[in-house]
Amino acid sequence: MPTLQEKKPARPIRRSHVRPLRELIFGDLWEYDPAPETADPKLKPRYDLFIGGRFVLPATGKYFDSINPANEQKLAELALGGAADVDAAYQAAARAFDSGWGRMPGRERGKFLYRVARLLQDRAREFAVAETMDNGKPIKETRDFDVPMAAAHFFYHAGWADKLDYVAPGRRMAPLGVVGQVIPWNFPLLMLSWKIAPALAVGNCVVIKPATNTSITAVKLAEIFQDAGLPPGVVNVITGPGATGGILMAHPAAAKIAFTGSTEVGKVIMRSVAGSDKRMTMELGGKAANIVFDDAPIDQAVEGIVNGIFFNQGQVCCAGSRLLVHEPVAGLVVAKLKQRLRVLRVGDPLDKNTDVGAIVSRAQLETIQRYLDIGVKEGAEMWQPPCRLPPKGFFMPPTIFTGVTQSHRIAREEIFGPVLSILTFRTIDEAIEKANNTAYGLSAGVWTDKGSRILKMSTELKAGVVWANTFNKFDPASPFGGYKESGFGREGGRQGLLDYGKLI
Ligand code: NAD
């Protein structure tokens, strides 16, 4: 037996044999098993146009494919509506308005809206899966946010339908007639409910076009309108490309048009209806600043930054795509942010553990990639966490750029992807000046311990929504809308209702 002195010295530990703690925590060790959502989205192979309460063949005789962006497989065929279809939809809506919907007592209209909300809740899982497959956003977002919030909008506006005499003191509210609406692909079902519920609550009828890429929940919602017994023609759904949207917006029978989409298309629409007496609401693009002061609760702020830009793959009009961080804490915030991004799960949107799903289309993925190249060429430093992307589908890792200045295009233009541009500031005035130095003005976020600073910032920031110590919070009672090139008009709350009626 060896004596103490003779005992062989312990082998020195080679660094390469020790798995760094970070790797143990963030590496393969903690990989979850797949947990796919299994509910049946109940998709039909082909969907027609919803006009006058029935699904009808398109006059064009044409259909287009809807693709699942997570695996590039075809989900369904959708009717391609043309000018004759848009015209038929406006005629059906006008008939529905004249034959009773516009004059129906609010308490009766409200019952239909309540019914739609409840039916949506009954079929919530089916709608969440359909939305995730069509749009690519993670199931936990469609399940916990999009579908419940869509139902909440119908509930909220059902409550208003019999209280329109209280919208403005001493005034009554009357509907406008038929409303034309066009929506984007980032919150397909939620945007439908934002647009349809207030219009119907006030007594208008609707012709609506969903985005070309994401029309499936629109035609499924039309099934719910049928099940709810909504009178024929009160809501008409026309699927099709942008050109169909142009025809719908410029149609002479539209008393009001409501558009949500890019600033570029918003301008085209405004030019096309200039000189008409149509009422208009425009919900357009954004380039929001998320502003973090040195006294902010840093961990919560990092969570808010992640939620602000990587939620829904950054495809959110009010996404916090610019981070303005106070210089004393800039290093700490960036380090913590990188640590957090390393554990975000990018992949199958139907998996309940996925944080970042698929980008909606190949074209959008290519646009985002072009912006990454632009950022690098302009001299900003790009960082992405190591992650394995699925072999098929349109995926993009969360990306941050440091060393960004205000003149960089990635700090000025809407990228609409999971890309964060990080800038720093020294004083509160510099933060305000940089946050407002954009053509847009949809939203902003402020992270600080000081109430007085929150008040000053929310007064001076030119943004429709300013969140304090949180980000991306929504409520049907809370009006939403933009400043400057982010548009005009409000959606949600009492202000949103005012945009859908006339006070008499
Ligand atoms: P987009 O402007 O390309 O398309 C929006 C809708 O307009 C689609 O239904 C499209 O088919 C239709 N369209 C396209 N060309 C048209 C035309 N000439 N006339 C009429 N309709 C036309 O936008 P997108 O890429 O679908 O969505 C992303 C944009 O939407 C982003 O800029 C985002 O910021 C914005 N957005 C804004 C809000 C908001 O509330 N402010 C909300 C969501 C999205």
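Me: What makes the pair formed by a backbone N or O atom of Gly-261 and an oxygen atom of the ligand a polar contact?

Reply: In this predicted model, the two atoms lie 3.3 Å apart. A polar contact is a pair of N or O atoms within 3.5 Å, so this pair counts as one.

Me: Which ligand atoms do Gly-246 and Leu-284 approach with a backbone N or O atom?

Reply: For Gly-246, the partner is a nitrogen atom of the ligand, at 3.3 Å. Leu-284 also faces a ligand nitrogen, at 2.7 Å. Taken alone, the ligand exposes 850 Å², and the protein buries 87% of that.

Me: Thanks! Which residues are the closest to the ligand?

Reply: Ile-183, Lys-209, Ser-262, Leu-284 and Glu-414 are the closest, out of 28 residues that surround the ligand. A residue joins this shell if one of its heavy atoms lies within 4 Å of the ligand.

Me: How do the residues of that shell divide by type?

Reply: Into 15 nonpolar, 10 polar and three charged residues. Glycine is counted with the polar group.

Me: What elements supply at least two residues of the shell each?

Reply: Those are α8 (242-250), β10 (256-260) and α9 (263-273). The largest share, three residues, comes from α8.

Me: Why is the ligand said to lie between domain 1 and domain 2?

Reply: Because domain 1 (46-284 + 486-503) and domain 2 (289-468) both give residues to the shell around the ligand, it lies between them.

Me: And which pocket is the space taken by the ligand?

Reply: That space is the largest pocket.

Definitions and conventions:
Residues numbered from 1 in each chain as written. Predicted model: local features only at pLDDT ≥ 70, side-chain atom pairs only at ≥ 80, totals over all residues. Heavy atoms only, no water. Polar contact = N/O pair within 3.5 Å; in protein donor to acceptor, adjacent residues only side chain to side chain. Areas by Shrake-Rupley, 256 points an atom, 1.4 Å probe, with all protein chains shown as cover. 1 Å grid on protein atoms, 1.4 Å probe; cavity = no way out; pocket = protein on both sides within 12 Å on 5 of 7 lines; lining within 4 Å. Sits in = over half its atoms within 2 Å of the grid points. Helix = DSSP H or I, 4+ residues; strand = E, 2+ residues; numbered from the N terminus. Domains from an automatic or database assignment.
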